[in-house]
Amino acid sequence: MLGQFRKEYVALNLPNTIVDANSNRGWSKRSLWRWWNQLSRFQRSVVYILILAACFAALYFLPATHPSWNPSNGKLNIALDRNHVTPPLSLLSPKKAQPPDNSLDKEQPAKEAHINNNTQKKQPMLDKEDLVLSGETANNNNVGQVHSPPRDGVKFSEFAEAREWVANSLHFDGNRDVNLFEVTIRVLGSLLSSYHLSGDRMFLDKAVDLGTRLLPCFDSDSGVPYSDVNLATRKAHSPKWSPDSSTSEVTTIQLEFRDLSRCTGDPKFEDSAAKVSLHVHGLEKSEGLVPIFINANTGHFRSYSTITLGARGDSYYEYLLKQWIQTGQTIDYLRDDFVEAISGVMKHLTRRTAQNKYLFIGELLAGGRDFKPKMDHLTCYLPGTLALGVHNGLPQEHMQLAEELMTTCYQMYAQQPTFLAPEITYFNIQERTTGDMSVKTNDAHNLLRPEFVESLWYMYQITGNKTYQDWGWQIFQAFEKYAKVVNGYTSIGNVRNPVNTRPRDMMESFFLSETLKYLYLLFSDDPHILSLDKYVLNSEAHPLPIYDT
Ligand code: DMJ
């Protein structure tokens, strides 16, 4: 027994020594313990106090050795690299943005009854301080009215990496057809926005190259653009499946083409696109509402086509307002057409569900003869756009419509077991039906679309109501739960079945440029990080400057 005990004792005793690395002296734990027991109570208290003081000192001084700590100003210098990423839009506004101008209401009491006829021209909207996104390779060789000089300071490697890709690998001479609208809002808009935020002339050069290749679309008899163009041969044509262009597509390119002209001083881009808006303005409509197809050769709407604020109609209305804002509220017909259209929407397209009286926007078929209680998720952009209009002095009743539509769009998410909205929702308007909404199997997919979170951001920005943030957080969590995959997020095929959402292995670029950007803005510590009085966001959430004319 004793032998066994001794063996165990020796084995356990082997590592029982603390070595001072500098002196190479050994301190046994036991001798430390003995020393401690010999101390008086007072001496022990002194030791406790010394240890505590050492801990506080360590806490206080250690951060100074961290690379992100700047002892000169006592602030964290956030290094924007792979390991420490702050999303780029946090850099948009170094100046503390002003709170929303609620005083507008007090200053313009007549606003509810009629449009504020703002004849006063706005001052130029941008100054150097507003534009701070800075790439490492940005240069300062700008032309055009709006200069976006890069500032010293914050740099982040993702931007520099992306910039290099755009400079060296993004070419527009591929022999293939592209859609004028999609390429304009996604690519041209992004290049222009990058130019404004970085001041890097390379982005503008790319934008000019692309814009020039897109211009042949406008060579139709009416000036209404063809929908597609081959970027190499520069031949434009109607869609393969139809002789007509979509109304929303031909009227959702003006912000970008105008900006391209303003940046370069070459009017041809703005002239071509603005002519289209003017042409559509001159066409007959039903109380401001437009059919969703238009022929590029005749310049006429297709008779009996659907009227909707969803697919193929949506951003016609959006760009009426945004063009008016972009041009410093100087082009009256754009504002007037927008206001007339919203009256038309209220009169002809809105209904309430039988059960809970949710207000929704339906569609008019056959040129306005039949009402269909169907609402695309796309339509949920409207509350945000309405709020933006009210922010710019348009009738207050637009805000009531916006708030009601927000509730309905929220329900489109909340009533699904995944908390994700389907692509299309049908509403029950017949009395004695149960439930407010239903979803058809073919419409049950979710493409990670941005429209509702876009509206949440505008509504929160303009009203300050935190409920909109809460709703955004619920949706973000649903994306996290049902759409997140290893290398990104994916569209899903069925929002009605949380057990089998049918992931599609597909992430549209608008999820990054719009959905996540609006969520980021919605949760930003500085809710006014992007000033609505200085920028107008294009249909793909790319900020462009507001001009004074
Ligand atoms: C975006 O590409 C644009 O917002 C467009 O105007 C319609 N909607 C998609 C995203 O859903």
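**View 1. Polar contacts and the shell around the ligand.** In this predicted model, a polar side-chain atom of Glu514 sits 3.3 Å from an oxygen atom of the ligand. Glu451 also brings a polar side-chain atom to a ligand oxygen, at 2.6 Å, and an N or O atom in the side chain of Ser539 is 2.6 Å from an oxygen atom of the ligand. On its own the ligand exposes 290 Å², and the protein buries 92% of that (areas come from the Shrake-Rupley method with a 1.4 Å probe; for residues, only the protein chains shown count as cover). Helix H6 (180-198) and helix H17 (509-523) each give two or more residues to the shell; helices here are DSSP runs of H or I with at least four residues, strands are runs of E with at least two, and both are numbered from the N terminus. Around the ligand you will find Phe181, Ile185, Asp314, Leu378, Arg449, Pro450, Glu451, Phe510, Glu514, Ser539 and Glu540, where a residue qualifies if one of its heavy atoms lies within 4 Å. By type, the shell holds five nonpolar, one polar and five charged residues (Ala, Val, Leu, Ile, Met, Phe, Trp, Tyr, Cys and Pro are nonpolar, Asp, Glu, Lys and Arg are charged, and the others, Gly among them, are polar).

A word on reading the views: residues are numbered from 1 along each chain as its sequence is written, and side-chain values use heavy atoms, leaving out hydrogens and water. Local features need pLDDT of at least 70 and side-chain atom pairs pLDDT 80 or more, while totals for chains, interfaces and linings use all residues.

**View 2. Glu540, a shell residue in a loop.** Glu540 belongs to the loop between strand E19 (535-537) and strand E20 (543-545). With a relative accessible area of 4%, Glu540 is buried (buried means under 20%, exposed over 50%, partly exposed in between, with a 1.4 Å probe and protein chains only). Leaving aside residues up to four places away in sequence, Glu540 touches Ile185, Arg186, Ser509, Phe510, Ser513 and Glu514; touching means heavy atoms within 4.5 Å.

**View 3. Thr252 and its neighbours.** Look for Thr252 in the loop between H8 and H9. Its relative accessible area is 0%, so Thr252 is buried. The side chains of Thr252 and Ser315 share a polar contact of 2.8 Å (within protein, a pair of N or O atoms within 3.5 Å, one able to donate a hydrogen and the other to accept it; residues adjacent in sequence count only if both atoms are side-chain atoms). Not counting residues up to four places away in sequence, the neighbours that Thr252 touches include Phe181, Ile185 and Ser539.

**View 4. Helix H10 and what covers it.** H10 (residues 268-282) has 15 residues and reaches 21 Å from its first C-alpha to its last, close to the 21 Å expected at 1.5 Å a residue (the expected span is 1.5 Å times one less than the number of residues). Its buried residues are Phe269, Glu270, Ser272, Ala273, Val276, Ser277 and Val280. Their cover includes helix H7 (201-214), strand E9 (293-295) and helix H12 (332-349).

**View 5. Two loop residues with positive phi.** Most residues other than glycine have a negative phi. Glu287, in the loop between H10 and E9, has a positive phi of about 50° and is partly exposed at 31% relative accessible area. Gln329, in the loop between H11 and H12, has a positive phi near 60° and counts as buried at 5%.
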